[in-house]
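Work through the exercises below with the sequence and the coordinates open side by side. Each task is followed by a solution that goes step by step.

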Amino acid sequence: MSSSQNIKGRDHSTDPAPTPQNSLVNDAVLSSRPAKNLGKPTVEDIGEGEDEDDADEGNAGMNPASLLANNPALLALAQNKFASLIGQSSGYIESLPPAVRRRIDGLKGVQAQHSKIESEFQMAILDLEKKFLSKFSPLYERRAEIIAGKAEPTDTEVAEGKAADSDAESDDDDDDEGGAKITEVDDEGKDKVDESGEKGIPEFWLTALRTHPAVNETIEDHDEEALKSMLNVRLSYLDDKPGFKLHFTFGPNDFFEDTEMTKTYYYQEQVGYGGDFVYDRAIGHEIKWKGDKDLTKKVEIKKQRNKSTGRTRTIKKDVPQESFFNFFKPPQPPTEDILKREDIDEDELEELDGKLELDYQLGEEFKEKIIPRAVDYFTGRALRYDGDFEDEDEEDDFEDDDEGFDDEDDEQDDEGAPAPAAGQEECKQQ
């Protein structure tokens, strides 16, 4: 007879599974249902003209959620308490028989082996990315030549581009009706001059970056003139460590002497719990600004009056300002010494963590989206895909409401609505 037969039967259908680590397995504490054993807070809340008995009667019918909602301090205390308990041992593992605990330790060993293979898998993916970058690079170089006006696309390239464009037919109609006409180009791609005299594609990268929502947030109006001189953005991988480098190439301009600015992103040597590389740090680029053309600073002018003589003097002070070029001065993770300090400001750490995450995300956006599909951001086509989830969320925020509309208005909406202007989807970036 097995030992399990000596245990009295019990209906476990409604019992939650044991949790080795404390977790909020249900919402009973904050549930809207009254809890029998939860006492009232001892904070008095008696209004003027209201006696103590009335107040007790009013609170007696309140559920726990209402009590917490009416006392923000108590709610914050409860939330902090719950947060400190999550992930802590509940004593379940320790209560198991030694043989069972030994098996669990064995499973941890199996998991450790899995993590090693997972790390190998991620490194293999990185090596594969490096391999295929060598195949992509000639295409990126070709793109840079066309953008800079050093070469013209071949007929084959133009035909393939139109075939890949879902709006090729409407684009053909627009070309027939107006716009600069390009002279015939042979399949060898010999340079031809546009009859308008314009070389290449002016402001290509500025337009592409302006179209990307996250990058656009970092571009200020005073950055645009400098960004017009951007000629190319390319990617390279590190040889000795996991990570990548972004290269920004610029033509002559009035703001800085640099022809190339770089930013290097380093990954940690070991992959994270989810099997992906973990961001470690980023190294930026010290820009050689011309004179007082530093776009990351602005001059504040203040006047001071001498109390004794009555004379005034003007003081000029450089203060930081928002700029795209702050991208090349990335935030740095806090050191171990800073994290060990007792007087550390948690709010500052949280703010720094947000800046680090944003900086890493921008680097990944350049690596995974902007560099591979720059022309789609220039034309706005990329927004059709990047914006799919946003459009769905916006639709979910609205409910159907026919109140206030009569049948005639409904018919006009269905049948008489004007058709969207030609090319409207193409201009989403505007």
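**Exercise 1: The sheet around strand β3**

Seven bridges join strand β2 (residues 243–250) to β3, and these two strands run antiparallel. The model is a predicted one.

Task: Starting from this pairing, establish which strand lies on the other side of β3, what order the strands of the sheet have, and how much of β3 is buried.

Solution. Begin with the β2 side, where K245 stands opposite T264 of β3 and L246 has K263 as its bridge partner. Then turn to the other side of β3, where four bridges lead to strand β4 (residues 279–283), again in antiparallel orientation; here Y265 of β3 faces A282 of β4. In general, strands of a sheet pair through backbone hydrogen bonds, in either a parallel or an antiparallel manner.

Next, place these pairs in the whole sheet, which is open, has four strands in the order β1-β2-β3-β4, and is paired in antiparallel fashion. Strands β1 and β4 form its edges, since each of them pairs on one side only. On average, neighbouring strands of this sheet are turned by 15 degrees against each other, if direction is ignored.

Finally, consider accessibility: seven of the eight residues of β3 (residues 260–267) are buried, so this strand is largely enclosed by the rest of the structure.

**Exercise 2: A buried acidic residue**

Task: Find where D258 is placed, and work out which side chain joins that of D258 in a polar contact.

Solution. First locate the residue, which sits in the loop between β2 and β3. D258 is buried and yet has no salt bridge, because K288, the nearest side chain of opposite charge, is 5.5 Å away, whereas a salt bridge requires the nitrogen and the carboxyl oxygen to be within 4 Å.

Then look for other polar partners. The side chains of D258 and H285 are joined by a polar contact of 2.9 Å, and a polar atom of the D258 side chain lies 2.8 Å from the backbone nitrogen of K288. K288 therefore appears in two roles, with its side chain as the nearest opposite charge at 5.5 Å and with its backbone nitrogen at 2.8 Å.

To complete the surroundings, set aside the neighbours within four places in sequence; D258 is then in contact with F250, H285, E286, I287 and K288.

**Exercise 3: Comparing salt bridges**

Task: The structure holds 14 salt bridges; for the pairs of E260, D221 and K367, state the partner and the distance between the closest N and O atoms.

Solution. Take E260 first: its salt bridge is with R234, and the closest N and O atoms are 3.6 Å apart. This pair links distant parts of the chain, with E260 in strand β3 and R234 in strand β1 (residues 230–237), 26 residues apart. E260 is partly exposed at 30% relative accessibility, and R234 is likewise partly exposed at 34%.

Continue with D221, whose salt bridge with R210 has its closest N and O atoms 3.7 Å apart. D221 lies in the loop between α8 (213–216) and α9 (224–227) and R210 in helix α7 (residues 204–211), so the pair ties together parts that are 11 residues apart in sequence. D221 counts as exposed at 68% relative accessibility, while R210 is partly exposed at 23%.

End with K367, which forms a salt bridge with E368 at 2.4 Å between the closest N and O atoms. K367 counts as buried at 7%, and E368 is partly exposed at 44%; together with E129, these two residues are linked in a network of salt bridges.

Definitions and conventions: Residues numbered from 1 in each chain as written. Predicted model: local features only at pLDDT ≥ 70, side-chain atom pairs only at ≥ 80, totals over all residues. Heavy atoms only, no water. Buried < 20%, exposed > 50% of the residue type's maximum accessible area, 1.4 Å probe, protein only. Pairing = 2+ DSSP bridges. Lys, Arg positive; Asp, Glu negative; His and termini not counted. Polar contact = N/O pair within 3.5 Å; in protein donor to acceptor, adjacent residues only side chain to side chain. Contact = heavy atoms within 4.5 Å. Axes fitted to C-alpha atoms, helices over the stretch in contact; angles between N-to-C directions.
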